[in-house]
Amino acid sequence: MKSNRLTRREYWDDHWKTFKPKIITEKNIQNIFPSLFKKYLPVNHKFRCLEVGCVPGDLLIALNKIFGYRPVGVDYNNKIDLIRKNMRKNGITDYKVYKADIFKFEPKEKYDVVCSFGLIEHFSDPKPCIGKMASLVRKGGYYIVHVPNFRWLQYIIHYFSDKELFDTHNLKYMDIDNLEKVIHEVASVETIYAGYFGIIQDWPKTGFLPMDIIHYLTHGFNIIADKLGLNTLLANRYTSTDTVFIGRKL
């Protein structure tokens, strides 16, 4: 199966080389978990949750702590031992982790939840990856695809701060219409939620005071927006930071 990867294994080895495990809580995990996922995902301590592209394990740990899901991860990353260290740091012992290419991963079981966070946008053609992940969801199970949104305002921000990331990200599927369409083309799932999350990212801090004023203003705004629950209410395709699909396997 052709992977069409826009990144190499070495890219991820370098990306995670300075990562340090930490205790995960609702306060320090991405606010999309308590703010959005709580609205659409059930708490169930019997569910087995597979994250594809799971290094370093923070998000699997959050799904375990917030929803009770038993963590399973698969990743071809050489830094996969970071997950074991992270699980140990958080006192989680009931988990499984596989070092494998998703296209060669053939587990004997189907999962109650299959998810990816920041994965499918690293493929020039994400259909094979999306279809493979969907095939691992049990009937009635949940399927979650999350990607960052680097379009519109976010494109401008990243163009001036780190435009090299455009070489390794497929922006087409950061548009929710395109993402939802391709998911339905290759996977038998019903849509539970398809939309955006967040209002605007913190403007990068540069050390140049006039620009850093914008950083502090956006940072303060995001703190207030999060506390008021505006990250979902005011989410839109033009400024939001995240694109999210949540579905149920038919």
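## Close-up views of a predicted model

**View 1. Helix α5 and its buried side.** Let us begin with helix α5, residues 127-135, whose buried residues are Cys129, Ile130, Lys132, Met133 and Ala134. Keep in mind as you look around that this is a predicted model. What covers the buried residues of α5? The cover includes strands β1, β4, β5 and β7, together with helix α7 (176-186). One of these α5 residues, Ile130, also appears in a nonpolar core of 35 residues, along with Phe105, Val145 and Val189.

**View 2. The largest nonpolar core.** In soluble globular proteins, nonpolar side chains tend to be buried together. Here the largest such core has 38 residues, and Phe33 and Phe37 have the most contacts inside it. Two or more residues each come from α2 (32-40), α3 (58-67), α4 (81-89), β4 (111-117), β5 (137-148), β6 (189-197) and β7 (242-249). Helix α3 gives the largest share, seven residues. Zoom in on Phe33 and, leaving aside residues up to four places away in sequence, you will find that it touches Lys38, Leu59, Ala62, Leu63, Ile66, Phe67 and Phe117.

**View 3. A nonpolar patch on the surface.** Tyr155, Ile156, Tyr159 and Phe160 make a nonpolar surface patch of about 430 Å². Is Phe160 buried or exposed? Phe160 is exposed, because its relative accessible area is 67%, over the 50% cut-off. You can find Phe160 in helix α6, which covers residues 153-162.

**View 4. Two cysteines without a bond.** A disulfide is a covalent bond between the sulfur atoms of two cysteines. How many disulfides does the structure hold? The number is zero. For Cys49, the closest cysteine sulfur is that of Cys115, at 3.9 Å, which is too far for a bond, since a disulfide needs sulfur atoms within 2.5 Å. Both cysteines in this view are out of reach of the surface probe: Cys49 is buried with a relative accessible area of 0%, and Cys115 is buried at 0% as well.

**View 5. Two spots of backbone to look at.** Most residues other than glycine have a negative phi, and most peptide bonds are trans. Val55 and Pro56, however, are joined by a cis peptide bond with omega of about 10°. Pro56 sits in the loop between β1 (48-52) and α3. The other spot is Trp152, a residue other than glycine with a positive phi, near 55°. Trp152 belongs to the loop between β5 and α6 and is partly exposed, with a relative accessible area of 47%.

**View 6. Salt bridges.** The whole structure has 14 salt bridges. In one of them, Arg5 meets Asp101 with an N to O distance of 3.2 Å. Arg5 is in the segment before α1 (9-15) and Asp101 is in the loop between β3 (96-99) and β4, so this pair ties together parts that are 96 residues apart in sequence. Another salt bridge brings together the side chains of Arg138 and Asp112, 2.4 Å from N to O. Because Arg138 lies in strand β5 and Asp112 in strand β4, the pair ties together parts 26 residues apart in sequence. Arg138 is partly exposed at 26% relative accessibility, whereas Asp112 is buried at 13%. Finally, look for Arg151, Asp175, Asp177 and Arg237, which are joined into one network by salt bridges that share partners.

Notes: Residues numbered from 1 in each chain as written. Predicted model: local features only at pLDDT ≥ 70, side-chain atom pairs only at ≥ 80, totals over all residues. Heavy atoms only, no water. Core = buried A, V, L, I, M, F, W, Y, C linked by side-chain atoms within 4.5 Å. Buried < 20%, exposed > 50% of the residue type's maximum accessible area, 1.4 Å probe, protein only. Helix = DSSP H or I, 4+ residues; strand = E, 2+ residues; numbered from the N terminus. Contact = heavy atoms within 4.5 Å. Patch = residues over 30% accessible without salt bridge, like charges linked within 9 Å, V, L, I, M, F, W, Y side chains within 5 Å. Areas by Shrake-Rupley, 256 points an atom, 1.4 Å probe, with all protein chains shown as cover. Salt bridge = Lys/Arg side-chain N within 4 Å of Asp/Glu carboxyl O.
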